[in-house]
Amino acid sequence: MKSRIDLFRALLVSTMAALLLAIPSLAHAEGTSAEGQRYYLGEAENAGRDTGYSKSNPIGKDDIHYSWELGSFLVSDYTRVTDDGGTPVFLKNVGDEVTLSFILQQDINQLNGNANVTIDNDSNGYDQRLGVPQQDFGRGSLIIRYTDYQNNRHEPTVYTNYLDGVAKGADTFVKTFEEGDYEVVLDYSIKNVNHGRLPWVNVEIFPGVTDYTMRFNFKVRNGNCMVYPFDVKTNDELTNTAFTENGFRLDLARSRYLDIDVKKEMLADNGNELVTDTRFNKPARDGEEFTDEGVYTFTVTNRYTGQNTSKMIYVGNDPVLKAHATTGKPVSEIQAMLDDGATVSDDGTLVKAGQTVVEALPTEGDVTAAPAKSESRGFPIVIPVAIGIVAALALVLVFRGRGKKKQSPDSNEPSSEV
């Protein structure tokens, strides 16, 4: 009997150990995300010949470039893509690194499988539309121009002889991008040696060379909708419904494409209500400071997501407005409580005569998050399965033990006694 108990204990321990080891792997497998989103860009156009790649001619059926692609660009590691007048806008959150890559689909020494059609070396290339001066483009030139939030166009970055260093079929990294507008161009020339050949004498007079270009634009924007108010003297961050005697400064944390609107309210002459300062209501800018007394409500809007965030800050030392900012109670109600003997504490809460503190409004950091759902949906299934296995093993051992105990003494089995 003791050996059966020991066996049961060993099985139970091993089953529970396997269960504990399985939990992390199940959670990891369930939490692993799929391959990130990809957005493909770039379509070749016939740019003529020696025009600074300025033409935008469609590639017709008689064109040597017809029906096949040199390659494609792709953007990855973003949260969402939206559209702004036909231009893709890639929204990024914390942790995203919007990345541009290029995938070469051809052998540049035998395009479309034809050894007579190759990428040519353009020793006198220039890009008229981006203002890139004449230089040795080599075998394809990649050009990127960045425009910042102030609509300032930066000098184009030129990567000459680009295609000569790209492996066929490889996902070749180009660069990562922060907020801004981007223009991307790949200029390249194709040489067709049969273009100038006299077929009846098999003599090449001159090779046919044609310029092609792939051009596209895109934008990168932060997907958040946050603004951070800081005390102008202490530089402490102020939470929603906070108050300060010094005034505050707005900080967009380098999110340059958010819209901020500010509303200011003041205590009315009767002392029982707030009135809007209509001369003050206005758009605000990053880094702007507000030091005049009043209740400020500023709303931040992300024009690309449609989301908005509002915060209220009180500037000054009036106890009524301090309590209003802290508790959210109407000014008239606060004034009535003060008339009945209540007081305003240093932190803006209201204390009734002989009673406890009236709770303040919850701030952003005080909101209790809802219980998070388990990342592993497979975990709840493992528990009953494991318990079932242990129970089945226990039943088997019990029934075996009972069968041996009920064995008749008149059995024909030989006795073990001497």
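This briefing looks at one small group of paired strands and at two loop residues with an unusual backbone angle. The structure is a predicted model. Its three-stranded open sheet has the order 17-19-23, and the two loop residues are Asn112 and Asn235.

**The sheet**
- Strands of a sheet pair through backbone hydrogen bonds, in either a parallel or an antiparallel way.
- Here the pairing is antiparallel, and the sheet is open, with three strands in the order 17-19-23.
- Strand 17 (228–231) and strand 23 (289–290) are the edge strands, each pairing on one side only.
- Strand 19 covers residues 248–251 and is joined to strand 23 by two bridges.
- If you would like a spot to start looking, find Arg249, whose bridge partner in strand 23 is Glu289.

**Positive phi in two loops**
- Most residues other than glycine have a negative phi.
- Asn112 has a positive phi, near 55°, and sits in the loop that runs between strand 6 (98–104) and strand 7 (117–120).
- Asn235 also has a positive phi, near 65°; its loop lies between strand 17 and strand 18 (242–244).

**Accessibility of the two asparagines**
- Asn112 counts as partly exposed because its relative accessibility is 46%, and partly exposed covers the range between under 20% (buried) and over 50% (exposed).
- Asn235 has a relative accessibility of 44%, so Asn235 counts as partly exposed too.

**Where the topics meet**
- Strand 17 is an edge strand of the sheet, and the loop holding Asn235 lies between this strand and strand 18.

Note on methods. Residues are numbered from 1 along each chain as its sequence is written. This is a predicted model: local features need pLDDT of at least 70, side-chain atom pairs count only at pLDDT 80 or more; totals for chains, interfaces and linings use all residues. Side-chain values use heavy atoms; hydrogens and water are left out. Two strands pair if DSSP finds at least two bridges between them. Helices (H or I, at least four residues) and strands (E, at least two) are DSSP runs, numbered from the N terminus. Buried means under 20% relative accessible area, exposed over 50%, partly exposed in between (1.4 Å probe, protein chains only).
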